[in-house]
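Here's a quick tour of the model below, moving from one strand pairing out to the chain as a whole. Have the backbone angles handy.

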Amino acid sequence: AFGQIAGAGLSAYSMMGSDIRMKEDINLIGKSPMGINVYTFRYKGDDKKYQGVMAHQVPQASIVDDNGYLMVDYSKLDVDFKEV
């Protein structure tokens with residue numbers, strides 16, 4: 001589900017698989033100016049480390065994909081998803 005496009009007109013860069021069930025090595029690193037928790041984590045089966053949010057903590061920017069995983073529309077948040 002990582003990186004899937006969830007909806008017409010949304011790019012893979014704004015809509016990311018952010019369901020906690022897809023992640024491991026989760027560490028809280030701070031809060032955004034809007035007060036959103038920001039984490040570093042790895043996707044299960046991926047050695048790369050990323051920075052972003054947990055979808056269940058931002059329901060205003062989350063949807064459920066076809067596989068039942070939560071996805072986040074980062075364009076609605078003041079947090080950037082990025083590899084760190």
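This is a predicted model, so let's start with a pairing in it. Strand 5 (residues 62-64) runs antiparallel to strand 6 (residues 70-73), and 3 bridges link the two. Which residue of strand 6 does Ile63 face? Ile63 sits opposite Met71. The two strands make up a hairpin, with 5 residues between strand 5 and strand 6. In that turn you'll find Gly68, whose phi is positive at about 90°.

Gly68 has company when it comes to the sign of phi: Asp25 also comes out positive, near 50°, and Asp25 isn't a glycine. That's worth a glance, because most residues other than glycine have a negative phi. Where does Asp25 sit? Asp25 belongs to strand 2, which covers residues 23-31. Is Asp25 buried or partly exposed? Its relative accessibility is 45%, so Asp25 counts as partly exposed, falling between the 20% and 50% cut-offs.

Here are the two positive phi values side by side:

| Residue | Phi |
|---|---|
| Asp25 | near 50° |
| Gly68 | about 90° |

Now zoom out. The chain has 7 strands and 0 helices, so from the N terminus the order of elements reads β-β-β-β-β-β-β. Of its 84 residues, 43% count as buried. The chain exposes about 4800 Å², with carbon and sulfur atoms supplying 51% of that area. As for contacts with a separation of 6 or more, 43% of them are between residues 24 or more positions apart.

How values were computed: Residues are numbered from 1 along each chain as its sequence is written. This is a predicted model: local features need pLDDT of at least 70, side-chain atom pairs count only at pLDDT 80 or more; totals for chains, interfaces and linings use all residues. Side-chain values use heavy atoms; hydrogens and water are left out. Helices (H or I, at least four residues) and strands (E, at least two) are DSSP runs, numbered from the N terminus. Buried means under 20% relative accessible area, exposed over 50%, partly exposed in between (1.4 Å probe, protein chains only). Two strands pair if DSSP finds at least two bridges between them. Contact means heavy atoms within 4.5 Å. Accessible areas come from the Shrake-Rupley method with a 1.4 Å probe; for residues, only the protein chains shown count as cover.
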